[in-house]
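Hello,

As promised, here is the structure I have been looking through. Please open it first, and then read on for what turned up.

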Amino acid sequence: MAAIAKAWSWFRVNPWVLTATRPPVTLSLAFLTLGGFVAGVLFWGGFNTVLEHTNTEAFCTSCHEMKSNVFEELKGTIHYANRSGVRATCPDCHVPHRWTDKIARKMQASKEVWGHIFGSIDTRDKFLDLRRHLAEHEWARMKANDSLECRNCHSAQSMDVSKQNPRAAAAHEKDLFSGGKTCIDCHKGIAHKLPNMQGVPGWQ
Amino acid sequence: MRRLVLSAWAGAACLVAGALLAQEAPRLTGPEPFTKETPAPPMQRQVTDDVRRKRNYPDQPPLIPHAIEGYALDLNANKCLACHARKFTEQSQAPMISVTHYQDREGNTLGGVSPRRYSCLACHVPQTGAKPLVPNTFVDMDALVEREPRGR
């Protein structure tokens, strides 16, 4: 209790706090309100600009860990090259679209910055050693949000099973439409190569 | 002198026969001259209708009647076994890999898929709708047997 009282008295006599809590003497009210508004616009605009920049493929592949491992593998898959030319970029699958989820994911991604700075996967061998661990993170994330990033493009409502192969149609009717399974349960390793799948359910 | 004429005739006959045969045989060696670059023929569509194909002879590895694009098949993962392995055939309703896949080359039965049978695509392949480049005169064994008069 005494410590809190001591901290409070220190806070009240701090010259910065005294200045901040005193009414302005020379600055007009209009300057302060409008200036605050403009500063807010600049800050919020700048924040979102930076956020959007970190949500581009160019940003992701500016690190060689991404460029020479996972991005190279993506290039051979249907999510990079296909007949219609519609393609998914890194954040389409790895960053949620909704703002709160996106910010939460971005905060988690600070661990990836840490990994980059300290070189946790800065060689191919290190990457391959950690691949199962990293993949399990993504599988768990997609399992938890019901494969939200897949469904941003592939909606079950718009999926016409009569246009699918009988094999695919039967599987989707049995497992997807019933809610029994989510996309990532079956479609692992569709955009990148797989780690050792020993012990993963559904794999032998 | 006579021998010389004879060998000259024989040589000429060989040349003519060679030229004739060369015209008969289908060309599989690309453009003429071979240094000329020609556009690659279009990719053929794969047969992906999920209908099992008849084997042309009993030992033929069954063909793959479905799309396998992007399926993992390497040291880490085998997507084929995710349906065709024994323990997954009930949920997938796919044909099980045969018992020969559990045997090593001495014929000993192993507990799991034999390493020499792991590379599915070494024997099992999908088909395309491409027209054969050369005619095929293969005759099914059953067709041969049916031609034989049966009994008396």
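**What I found**

Chain A is split into two domains, domain 1 covering residues 29-153 and domain 2 covering 161-187. The C-alpha centres of domain 1 and domain 2 of chain A are 28 Å apart. Please keep in mind throughout that this is a predicted model.

**Helices of chain A**

Let me begin at the N-terminal end of chain A. Helix 1 of chain A (residues 2-13) has twelve residues, which should span 16 Å at 1.5 Å a residue, and the 17 Å between its end C-alpha atoms agrees with that. How many of those twelve residues are buried? The number is zero, so helix 1 of chain A lies largely in the open.

Helix 9 of chain A runs over residues 124-144, 21 residues in all. Its first and last C-alpha atoms are 29 Å apart, close to the 30 Å expected at 1.5 Å a residue. Even so, helix 9 of chain A has a kink of about 50 degrees, and A:Arg131 is at its centre. You may want to look at that spot on your screen.

After helix 9 of chain A comes A:Asp146, with a positive phi near 55 degrees. That is a positive value in a residue other than glycine. A:Asp146 belongs to the loop between helix 9 and helix 10 of chain A. Is A:Asp146 buried or exposed? A:Asp146 has 12 other C-beta atoms within 10 Å, and since a residue with 12 or fewer is classed as exposed, A:Asp146 is exposed.

The loop between helix 10 (148-151) and helix 11 (166-176) of chain A holds A:Lys163. A:Lys163 counts as exposed because it has 8 C-beta neighbours inside 10 Å. Between A:Lys163 and A:Pro195, 32 residues apart along the chain, the C-alpha separation is 32 Å.

**Chain B**

Chain B has four helices and zero strands, and from the N terminus its elements read α-α-α-α. Of its 152 residues, 5% count as buried. Taking contacts in chain B between residues at least 6 apart in sequence, 43% join residues at least 24 apart.

Three loop residues of chain B seem worth a visit:

- B:Ala40 sits in the loop between helix 1 (2-24) and helix 2 (81-84) of chain B. With 6 C-beta neighbours inside 10 Å, B:Ala40 counts as exposed. The C-alpha atoms of B:Ala40 and B:Val113 are separated by 39 Å, with their positions 73 residues apart along the chain.
- B:Gln93 is in the loop between helix 3 and helix 4 of chain B. Its phi is near 60 degrees, a positive value in a residue other than glycine. B:Gln93 counts as exposed because it has 12 C-beta neighbours inside 10 Å.
- B:Asn108 lies in the loop between helix 3 (89-92) and helix 4 (141-147) of chain B. B:Asn108 is exposed, with 9 other C-beta atoms within 10 Å. From B:Asn108 to B:Tyr57 is 25 Å, C-alpha to C-alpha, and 51 residues in sequence.

**Where the chains meet**

The contact between the chains takes 14 residues from chain A and eleven residues from chain B. On the side of chain A that touches chain B, seven residues are nonpolar, six are polar and one is charged.

Which residues make up the largest nonpolar core? There are eight in all: A:Leu194, A:Met197 and A:Trp203 from chain A, together with B:Ala77, B:Cys80, B:Leu81, B:Ala82 and B:Cys120 from chain B. One of these core residues, A:Met197, touches A:Trp203, B:Asn76 and B:Ala77, leaving aside residues up to four places away in sequence.

If you have time for a few stops, I would suggest the kink at A:Arg131 in helix 9 of chain A, the positive phi of A:Asp146 and the contacts of A:Met197. I would be glad to hear what you make of them.

Best wishes

Methods. Residues numbered from 1 in each chain as written. Chains lettered and ligands numbered in written order. Predicted model: local features only at pLDDT ≥ 70, side-chain atom pairs only at ≥ 80, totals over all residues. Contact = placed C-beta atoms within 7 Å. Nonpolar A, V, L, I, M, F, W, Y, C, P; charged D, E, K, R; others polar. Helix = DSSP H or I, 4+ residues; strand = E, 2+ residues; numbered from the N terminus. Expected span 1.5 Å × (residues − 1). Bend = angle between axes of the 7 residues up to and from the residue. Domains from an automatic or database assignment. Buried ≥ 20, exposed ≤ 12 C-beta atoms within 10 Å, placed from the backbone. Core = buried A, V, L, I, M, F, W, Y, C linked by C-beta atoms within 7 Å.
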